[in-house]
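Trainee: I have a new structure to look at, and I'd like to learn how to read its features. Could we go through it together?

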Amino acid sequence: MSGSYRAELAKLVRRPASWLLLAITLVLSLVFTYLFPYASIAGGTDGPNTDRTLPMLLPEHLVGNSLGGLPVFLGAIVLILGVLTVGGEYGWGTWKTVLSQGPSRLEVYAGKLLALAAAALVVVLSVFVLGAVAAALIAAAESQPMTWPDAGDLLTGIGAGWLIATMWAMLGAVLAVALRAVALPVGLGLVWMLAVQNLLAAIAAPLLDWVAQVQKGLPGPNAGSLEAALGAPGDTPGVAASVGGGQAALVVAAYLVAFAALGGLLLQRRDIG
Amino acid sequence: MNLPVRTQGLTKRYGGLTAVRDLDLAVRAGEIYGFLGPNGAGKTTTLRMLLGLVRPTAGTVQLLGRPPAAGRLGGVGALIEGPAFYPYLSGRENLRVLARYAGVGPDRVALVLDLVDLTDRAGDRYAGYSLGMKQRLGVAAALLKDPRLLILDEPTNGLDPAGMADMRTLIRRLGAGGCTVLVSSHLLGEVEQVCDRVGVISRGRLIAEGSVAELRGAAGLRVLADPLDAAAARAGELVGPERVRVVDGGLELAVEPERAAWLNAELVGAGVAVRELRRRERDLEQVFFDLIEKGTTDVR
């Protein structure tokens with residue numbers, strides 16, 4: 001098991017796509033969370049989503065700002081990482097190479113999930129560190145107080161971010177196992193995250209009560225609710241307090257476990273082509 | 001008898017297609033076993049079932065005494081249906097990753113790279129490897145665990161003649177060292193040179209099994225003589241007409257080659273001019289085609 005984990009970690013670390021995805025995550029996070037709002041505030045621009053005031057970009061709001069991107073674009077990127085990590089074995093035909101070395105399917109799969117969880121933690125920590133640097137720079141530039149969240153809030157935020165990011169990574173993994181490919185799972189995953197979830201929230205839920213109720217059980221709205229509970233700005237796409245933070249954390253955790261288990265079950269039962 | 005590979009009634013069906021049908025395979029310890037068959041005969045499906053990659057519809061598999069799905073494939077090395085590695089890693093890095101799965105130390109990586117003569121290019125990215133280099137890396141990966149049983153699917157694919165000769169030497173050396181080798185191939189000459197025993201599969205069924213000599217059958221004599229009719233008649237009188245066949249303008253006699261001098265004297269004594277008289281052995285290719293044709297007919 002530890003051999004499989006170390007092997008998966010080595011593949012993930014040496015894969016250029018992993019670093020590219022991390023770089024994109026950080027750039028998106030920096031640009032949409034700090035750069036654009038700060039430029040808007042500094043330039044006095046008026047328009048949609050210009051209600052973010054300077055205090056919202058300061059270190060005090062680090063947790064909420066860092067979690068804000070997870071329901072949509074950061075989550076999408078972690079989902080892609082999950083697909084690449086598992087689906088790559090189908091694309092390159094390397095399942096047979098790996099399994100011929102002796103580990104069981106579930107050992108390899110568990111190694112992948114652990115490596116993905118580690119990668120998700122790295123992504124979340126990186127977003128927090130970059131957010132801290134950006135917030136500190138803005139505070140220094142604007143001569144604002146450097147008030148940081150307390151350690152408990154910070155740890156809770158990092159934990160929640162890790163939980164959400166890992167859940168999206170597991171969704172990527174299960175899609176890759178189910179479809180035994182890379183391109184289709186990435187495409188379907190992104191369509192779900194970026195299009196279907198938003199359509200349900202913006203169009204279907206206000207019209208139909210049962211859709212609004214069903215939404216409360218879906219992974220995206222629960223991730224958004226958890227982030228909202230931890231202070232993510234309400235104007236961020238995907239962030240909305242549709243359920244309580246505690247319930248949202250439980251539902252996200254349940255999805256994480258369900259995605260991981262379903263992927264393992266499918267992998268165990270099917271032939272390796 | 002110690003049988004590192006044992007299948008009983010092994011069957012794999014995909015919907016209405018039966019890829020492997022009631023296959024009983026027995027590979028003995030220490031032997032090099034050739035698994036022959038035309039494309040689509042079911043060789044790779046069988047090997048995949050041996051390794052637990054494909055689940056049989058029916059039947060059982062025992063590898064080194066236990067079913068492959070029961071746990072780790074300890075003591076088994078395999079190269080199945082061509083090499084497949086991570087293109088962004090070098091050959092050496094690929095093997096190091098696989099060594100972690102296999103639970104073997106990095107010292108084995110250097111050793112197996114040397115065994116397949118790939119040390120000089122081990123630092124290059126796999127994506128830049130030629131087909132032959134990829135194949136050698138695949139064999140190196142199969143050897144990582146210092147296996148007691150090695151399963152190789154078409155190991156010489158993509159190799160140049162020198163590489164093929166090296167591969168044969170390596171397989172022989174492994175066999176001599178006590179490793180049991182199951183090698184599938186469609187290259188009959190290769191199998192003939194390397195294998196102790198051969199199994200022939202056609203349309204998913206094992207249609208023949210034995211040593212190369214057994215499959216070839218007993219040697220006989222081929223005679224070119226004039227006039228052919230007289231030669232055939234006299235040969236029939238001497239050895240029995242059921243042992244004489246006229247093939248391609250000559251006679252094929254199912255008699256011991258040691259009787260050549262006696263036969264020559266008898267034919268010449270009967271006024272037949274003998275132009276050529278030589279030992280006749282069916283080559284494996286002829287045996288193979290005969291078996292496949294017979295197997296196909298039987299299956300129909």
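Trainee: Let's pick one residue to begin with. Is A:Arg180 buried, partly exposed or exposed?

Mentor: Keep in mind that this is a predicted model. For burial, you count C-beta neighbours: 20 or more within 10 Å means buried, and 12 or fewer means exposed. A:Arg180 has 19 of them inside 10 Å, so it counts as partly exposed. You'll find A:Arg180 in the loop between α7 and α8 of chain A.

Trainee: And what about the backbone there? Which sign does phi of A:Arg180 have?

Mentor: Here's the general idea: most residues other than glycine have a negative phi, and most peptide bonds are trans. A:Arg180 has a positive phi, near 50°, and is not a glycine. In chain B, B:Asp22 also has a positive phi, of about 50°, without being a glycine. B:Asp22 sits in strand β2 (residues 17–27) of chain B, and with 15 other C-beta atoms within 10 Å it is partly exposed.

Trainee: You mentioned trans peptide bonds. What is the peptide bond from B:Asp226 to B:Pro227?

Mentor: That bond is cis, with omega near -10°. B:Pro227 belongs to the loop between β10 (220–226) and α8 (228–239) of chain B.

Trainee: Now for helices. How do I read the way two of them pack, say α4 and α7 of chain A?

Mentor: You look at the distance and the angle between their axes. For helix α4 (residues 73–91) and helix α7 (residues 151–179) of chain A, the axes come within 7 Å and cross at roughly 40°. The two helices are therefore oblique to each other, and the crossing is right-handed. Among the residues making the contact are A:Val78, A:Leu79 and A:Val86 from α4(A), with A:Ile164, A:Trp168 and A:Leu175 from α7(A). Sorted by class, this contact has 16 nonpolar, 5 polar and no charged residues.

Trainee: What does A:Ile158 of α7 touch, leaving aside its neighbours within four places in sequence?

Mentor: A:Ile158, which lies in helix α7 of chain A, is in contact with A:Val124, A:Leu125 and A:Phe128 once those neighbours are set aside. A:Ser66 is 92 residues away along the chain, yet the C-alpha atoms of A:Ile158 and A:Ser66 are separated by 8.8 Å. A:Ile158 counts as partly exposed, because it has 18 C-beta neighbours inside 10 Å.

Trainee: How many residues of helix α10 of chain A are buried?

Mentor: In helix α10 (residues 219–229) of chain A, 11 of the 11 residues are buried, so this helix is largely enclosed by the rest of the structure. Its cover includes α3 (62–67), α4, α7, α8 (183–207), α9 (209–215) and α11 (245–269) of chain A. Just after α10(A), A:Gly231 has a positive phi of about 100°.

Trainee: Let's step back to chain B as a whole. How many helices and strands does chain B have?

Mentor: Chain B has 10 helices and 13 strands. Of its 300 residues, 44% count as buried. The domain assignment gives domain 1 (5–215) and domain 2 (218–281), and their centres, taken over C-alpha atoms, are 44 Å apart.

Trainee: Last one: how many residues of chain B are in contact with chain A?

Mentor: 26 residues of chain B are in contact with 23 residues of chain A. Helix α2 (residues 91–102) of chain B gives the most to chain B's side, with 6 residues. That side divides into 18 nonpolar, 3 polar and 5 charged residues.

Notes: Residues are numbered from 1 along each chain as its sequence is written. Chains are lettered from A and ligands numbered from 1 in the order in which they are written. This is a predicted model: local features need pLDDT of at least 70, side-chain atom pairs count only at pLDDT 80 or more; totals for chains, interfaces and linings use all residues. Two residues are in contact if their C-beta atoms, placed from the backbone, lie within 7 Å. Helices (H or I, at least four residues) and strands (E, at least two) are DSSP runs, numbered from the N terminus. Ala, Val, Leu, Ile, Met, Phe, Trp, Tyr, Cys and Pro count as nonpolar, Asp, Glu, Lys and Arg as charged, and the others, Gly among them, as polar. Axes are lines fitted to C-alpha atoms, for helices over the stretch in contact, and angles run from 0 to 180 degrees between N-to-C directions. Angles under 35 degrees count as roughly parallel, over 145 as roughly antiparallel, 65 to 115 as roughly perpendicular and the rest as oblique. A crossing is left-handed if the near helix is turned anticlockwise from the far one by less than a right angle, and right-handed if clockwise. Domain bounds come from an automatic or database domain assignment.
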